[in-house]
Amino acid sequence: MKVLKFGGTSVANPENINKVKSIVQKLDKEKVAVVVSAFGGVTDLLLNTSALAARQDTAYKESLKTIEDKHITAIRELIPVQNQSSALSKVKSDMNVLETLLEGSFLIGELTPKLSDKIVSYGELLSSYIISEFFKSEGLDAIFKDSRELIITDNNFGKANVNFEKTNQNCIDFFKENNHQIVVLPGFVSSSKSGDSTTLGRGGSDYTAAIIAGAVEAEVLEIWTDVSGMYTANPRLVKQAKCVAHISYEEAMELSHFGAKVLFPPTIQPVLGKGIPIAIKNTFDPENPGTLITKNTNGNGKTVRGISHVGNISLLSLEGPGMIGIPGISKRFFETLSLKNISIVLITQASSEHSICVGIADEDVDVAAEAVNETFEYEISTKKIKPVIVEKDLTIIALVGDNMKSHQGLSGKMFSTLGKNNVNIRAIAQGASERNISAVIKKDDVKKALNSLHETFFEENIKQLNLFVMGVGNVGSKFLDQIRQQKKYLKEELKLNVRVIGISNSRTMAFDENGIPLKEWETVLADGEKADKQAFFDRIKSLNYRNSVFVDNTASAEVSKTYADYLHNSISVVTCNKIACSSDYTYYKELKQLAKQYNSPFLFETNVGAGLPIIDTLKHLIASGDKIKKIQAVLSGSLNFVFNTFNDSVTFHDVVKQAQEQGYTEPDPTIDLSGVDVMRKILILARESGYQLDIDDIANEAFLPKESLETDSNEAFFESLKKYENDFQKMYKEAADADSKLKYVAQFEDGKAKVGLQKIPKGHDFYNLEGSDNIVLFYTERYPNQPMIIKGAGAGADVTASGIFADIIRIGNF
Ligand code: ADP
Ligand code: ASP
Ligand code: MG
């Protein structure tokens, strides 16, 4: 014999009930018990209706009508008219009883647990009856049996305890006598010895089926639900979760204890001893093999089999110096909770015996706190123990697996993953079986925690990076193009799944949690909401994704002031904007410090030499113990372009204009021509070499006349260049006469930095620098005479975008 259980969604409407019928029909002549839940949502409706009545709110009548309609509609749609009468009259008479019960509750303004169970049992009683009538009308050999006649419990209403001796005998007797192929039974409901209706706890229909399967030693217990098995994590929260094909009873029990709702926790117990396998199957995808739960599994060599979580948890802690070494404190503590019928989900005790801390359901915590304070009233009054501390709105997440005990380092990996993603851990517990490690975290961090842990333990190969891009001008749009082109490669070769979740320019901003389609980012952005830097940050923070990266492609000082907020929330920052790193030394230092503290990289490779790996190389030199002695560099692609193009047959004005038009200068060309941009760059290199320098410490021998530098618009600036053409020509001639070329050089030596125009003679490393190329010479302890040279294209949107891209990949490998 087989036992099949169909959950609320599987019987939510006539269409689904037809699917159930097809599944049962396929069993051919095999004997089967079919346990069903209430129609989807009906249990909640019944509970809400009773609550309304108990609050003396007449709206309960309306609510009852909804329940009635749901059942009548099902009968009308499922059963042919000529066979409907008995089902219809059953619903009518049950509704009359329900109405009387609710009226009673309404009149006295109270709902006892006993009455609540009586009312809520109608959900399953009606669904099972209607389904049995439907099966009969379809020609199946089916009968209805009321589970309350089989399953006997104590009178702990709401979550009754089963008397297995009586129950097993009742089941054996009934199924021995039964000669129908299909018996349809209500899940969840039972009765006490005195004949009152009881229930087995929310989600308890699974348990009903398991009790029957255990009693009759069924060949298999099939739990038919709305997912294709038990997943590595709740598939509604973790998109990448996968079905676990085969799992042990103990693993399934731990996972369900810690919230994998797909199986009601006590379900395993009645079948475990008899070794009856449990199959978890999907009513909406019946061919899918789902999950098989049996005695031992080899776990496919996997240590962690699943990650689950229980929400609405509170921590209750008892602390105080009076607890040390005193026997009996724990006993009194736990006894108090047990007398109040409060179940404990998690326990931790500090090794100093200084505190006991338990995780319990939010709804129980006030009662629990009051009871514990009462128990320890004397100790609290003498200050030996503090009043209990309560912390609400928490969640427990647990890693589960049979083989976890034989592997070291799992908890380290778990906590470092959480730490890296800025998930604060409130308490930790490891079951004595070492089959689970659990941690208590804030409710708001659950999705991020589950996804990061899932990535660490199940997607070791693929890492998800979530990008938020501000600035989509020249560089930003090239960057988005490059991501789009490389997406597939990154996933396949580098195992990085890069998604752009948010973008913004100065006008609008747009978000898409599934990733903005990069082919259409322009339209998505144009249709976005009004841009706002603070709102952009707030949104990223509230999305609370793991591996979040803020990418700044602007040149805005305002934006650079927001980096600290990002880093503070473990959101990495990648920027081509030089302002932050060349502003106040204290801000630069603070950002570096935050990056370290919150494990969130702060990368700005493109601040110097666009895509050239200058800062990264410098970092590697220093990390390997080398010391920077001197840096000599041509760092301005724009100035290099200008002086490479300028000669006695063109005007200086035209060359600068051309540089601006070709995108080689900052929007304000004086930033380049004055040497400020180069000052910023050498400042950053000096700082990255370990020196504390500010922009004012850098000597700048400007070559532009003061008047040009002080112009207040681009037009005025270009006008002034014309005026000084003779001076520029003179500079050129002097250099050419000396067989030299003009280069704007930055130098750092002995802790001092300077920038200025120099005549570079033939044979010098800088002499042959082409177009907008950059060059850096690092003289270090290891490279004292022959410097390490980095040379290449140092300006332009394409190379800058690829430098940003490289920083993103560095974060991916972090
Ligand atoms: P039923 O009404 O069929 O009893 P439930 O809603 O009780 O169904 O259980 C199925 C739900 O359990 C799924 O829809 C899913 O959201 C949730 N769930 C939580 N954790 C897991 C998990 N690890 N694997 C599969 N489902 C899970
Ligand atoms: N109908 C009950 C509930 O919703 C029992 C179940 O479906 O398992 O909790
Ligand atoms: Mg369920």
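## Exercises on a predicted protein model

In the protein chain, 71% of the contacts (heavy atoms within 4.5 Å) with a separation of 6 or more are between residues 24 or more positions apart. Before you start: this is a predicted model, where local features need pLDDT of at least 70, side-chain atom pairs count only at pLDDT 80 or more, and totals for chains, interfaces and linings use all residues. Residues are numbered from 1 along each chain as its sequence is written, chains are lettered from A and ligands numbered from 1 in the order in which they are written, and side-chain values use heavy atoms, with hydrogens and water left out.

**Exercise 1.** Describe the overall build of the protein chain.

*Solution.*
- Step 1: look at the secondary structure. You'll find 30 helices and 30 strands; these are DSSP runs, with helices (H or I) of at least four residues and strands (E) of at least two.
- Step 2: get the dimensions. Along its principal axes the C-alpha trace spans about 115 × 70 × 55 Å.
- Step 3: check the radius of gyration, taken over C-alpha atoms. The chain has 36 Å, while a compact globule of 814 residues would be near 28 Å, going by the rule of 2.2 Å times the number of residues to the power 0.38.
- Step 4: look inside. Of the 814 residues, 54% are buried, meaning under 20% relative accessible area (1.4 Å probe, protein chains only).

**Exercise 2.** Work out how ligand 1 is held by polar contacts (pairs of N or O atoms within 3.5 Å).

*Solution.*
- Step 1: list the neighbours, meaning residues with a heavy atom within 4 Å. There are 16 around ligand 1, and the closest are T225, D226, Y231, R236 and K261.
- Step 2: go through the side chains. An N or O atom of the R236 side chain is 2.6 Å from an oxygen atom of ligand 1. For D226, a polar side-chain atom lies 2.9 Å from a ligand 1 oxygen, and the K261 side chain also has an N or O atom 2.9 Å from an oxygen of ligand 1.
- Step 3: add the burial. Alone, ligand 1 exposes 570 Å², and the protein buries 90% of that (Shrake-Rupley method, 1.4 Å probe).

**Exercise 3.** Now do the surroundings of ligand 2.

*Solution.*
- Step 1: name the shell. S37, T43, E124, F188, R202, G203, G204 and S205 surround ligand 2.
- Step 2: find the backbone partners. G203 offers a backbone N or O atom 2.8 Å from a ligand 2 oxygen, and a polar backbone atom of S205 is 3.0 Å from an oxygen of ligand 2.
- Step 3: don't forget T43. Its side chain has an N or O atom 2.7 Å from a nitrogen atom of ligand 2.
- Step 4: finish with burial. Ligand 2 exposes 260 Å² when taken alone, and 85% of that is buried by the protein.

Definitions and conventions: A polar contact is a pair of N or O atoms within 3.5 Å; within protein, one must be able to donate a hydrogen and the other to accept it, and residues adjacent in sequence count only if both atoms are side-chain atoms. Buried means under 20% relative accessible area, exposed over 50%, partly exposed in between (1.4 Å probe, protein chains only).
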